[in-house]
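Welcome! Please take a moment to look at the sequence and the 3D view, and then we will walk through them together.

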Amino acid sequence: MDFNKNKMVHGESSWDTKYNDLIDDLNVTVSDLGKKYQGFEMIDNYSVLNGASTDSGATRICKLKLADADIFLFNIFLKGVNAKQWQSVPVMSIPVSALDGFSSIENYTGDQVADSGNAYSTTMTSNGTFTVFPRSANLNNQALYLIGTAVAHN
C-alpha cells in the first residue's frame with residue numbers, strides 16, 4: 001500500500017481529506033493482516049548441539065504464523081559453547097516441521113557480545129538450526145544469549 005499519497009505538502013492548508021484517506025488505508029491494512037494471522041505457538045521441542053547445554057526455563061522460541069510466512073522470536077540461553085573465531089558452529093536445532101514447509105529464512109539479528117567481551121552473531125538456517133559465529137575471538141566454554149528474529153517464507 002502506498003501511503004505517500006497521504007503525506008502533507010509544506011503549506012498545504014486542508015488536511016481533512018488526506019487524514020481521512022490515511023485512516024481508511026490503515027483500516028484496510030489492519031484488516032488484511034487479520035486475514036493472514038493463523039496463530040501463535042511456543043516451540044519447546046529443540047535439541048542442543050555440540051556439547052552446549054541450556055536450562056529449559058531460559059529458552060524461549062515463539063512462532064507467529066501468518067498465511068505467507070512464519071516469524072520466529074527467540075531468546076535462548078546456552079552454556080558451554082565452544083567455537084573457533086570465524087567458524088560457524090551449530091548449537092541448537094528445532095524440528096524442520098516447525099518451519100511449515102517454508103524454504104527461505106531471513107535473519108534480523110545483530111552482533112551480540114558475551115560477558116567475556118567476545119563478539120558473535122547468530123543465525124537460524126532453513127533446516128531449523130541455530131548457529132553461532134564468533135567474530136572477535138574463540139569461544140571457550142562460553143555462556144551466550146542468542147536473541148533475535150527470523151522470518152521463514154518461500
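## A threonine in a loop

Is Thr54 buried or exposed? Keep in mind, as you look, that this is a predicted model. Thr54 is buried, because its relative accessible area is 19% and buried means under 20%.

Where does Thr54 sit along the chain? The loop between β2 (47–48) and β3 holds Thr54. Its side chain makes a polar contact of 2.7 Å with the side chain of Thr59. A polar atom of the Thr54 side chain also lies 2.5 Å from the backbone oxygen of Phe77. If you set aside neighbours within four places in sequence, the residues in contact with Thr54 are Tyr46, Val48, Thr59, Phe77, Leu78 and Met92.

## Strand β4 and its two partners

Now follow the chain into strand β3 (residues 59–66) and on to strand β4 (residues 69–83). These two strands run antiparallel and are joined by 8 bridges. They form a hairpin, with 2 residues between them. One pair you can look for is Cys62 with its bridge partner Leu73 in β4.

Strand β4 also pairs with strand β10 (residues 139–153). This pairing is antiparallel too, and it runs over 11 bridges. Here Leu78 stands opposite Leu144 in β10. You have met Leu78 already, as one of the contacts of Thr54.

## A buried aspartate

Strand β4 contains Asp70. Is Asp70 buried or exposed? Asp70 has 1% relative accessibility, so it counts as buried; the cut-off for that word is under 20%.

Which residues does Asp70 touch, beyond those up to four places away in sequence? They are Lys63, Leu64, Lys65, Ala98, Leu99, Asp100, Phe102, Ala150, Val151 and Ala152. Phe102 is a nice example of how a chain folds back on itself in your view: Asp70 and Phe102 are 32 residues apart in sequence, and their C-alpha atoms are 8.1 Å apart in space.

## The five-stranded sheet

Next, find the open sheet of 5 strands, whose order is β2-β5-β9-β8-β7, with antiparallel pairing. Which strands stand at the edges? They are β2 and β7 (112–113), each with a single partner strand, so one side of each has no neighbour in the sheet.

You can walk across the sheet from β2. Strand β2 is joined to strand β5 (residues 89–93) by 2 bridges, and the two run antiparallel. In this pair, Ser47 stands opposite Ser93 in β5. Strand β5 is then joined to β9 by 4 bridges, again antiparallel, and Pro90 stands opposite Thr131 in β9.

## Strand β9 and its hairpin

Why is strand β9 (residues 129–134) described as largely enclosed by the rest of the structure? The reason is that 5 of its 6 residues are buried.

On the way to β7 in the sheet order, β9 is followed by β8. Strand β8 (residues 119–124) and β9 pair in the antiparallel sense over 5 bridges. Ser121 stands opposite Phe133 in β9. The two strands form a hairpin with 4 residues between them, and Gly128 in the turn has a positive phi of about 85 degrees.

## Two positive phi angles outside glycine

Which residues other than glycine can you look up for a positive phi? One of them is Asp100, with a phi of about 55 degrees. Asp100 lies in the loop between β5 and β6 (104–108). Asp100 counts as partly exposed because its relative accessibility is 34%. Asp100 is also among the residues that Asp70 touches.

Another is Asn141, which is not a glycine either and has a positive phi near 50 degrees. Asn141 is found in strand β10. At 59% relative accessibility, Asn141 counts as exposed, since that word applies over 50%.

## A nonpolar patch on the surface

Finally, turn to the surface. Tyr37, Phe40 and Met42 form a nonpolar patch there, and together they have about 330 Å² of accessible area. Tyr37 belongs to strand β1 (residues 37–42). How accessible is Tyr37? Its relative accessible area is 45%, so Tyr37 is partly exposed.

Notes:
Residues are numbered from 1 along each chain as its sequence is written. This is a predicted model: local features need pLDDT of at least 70, side-chain atom pairs count only at pLDDT 80 or more; totals for chains, interfaces and linings use all residues. Side-chain values use heavy atoms; hydrogens and water are left out. Two strands pair if DSSP finds at least two bridges between them. Buried means under 20% relative accessible area, exposed over 50%, partly exposed in between (1.4 Å probe, protein chains only). Contact means heavy atoms within 4.5 Å. A polar contact is a pair of N or O atoms within 3.5 Å; within protein, one must be able to donate a hydrogen and the other to accept it, and residues adjacent in sequence count only if both atoms are side-chain atoms. Patches are made of residues with over 30% relative accessible area and no salt bridge: like charges are joined within 9 Å, nonpolar side chains (Val, Leu, Ile, Met, Phe, Trp, Tyr) within 5 Å. Accessible areas come from the Shrake-Rupley method with a 1.4 Å probe; for residues, only the protein chains shown count as cover. A salt bridge is a side-chain nitrogen of Lys or Arg within 4 Å of a carboxyl oxygen of Asp or Glu.
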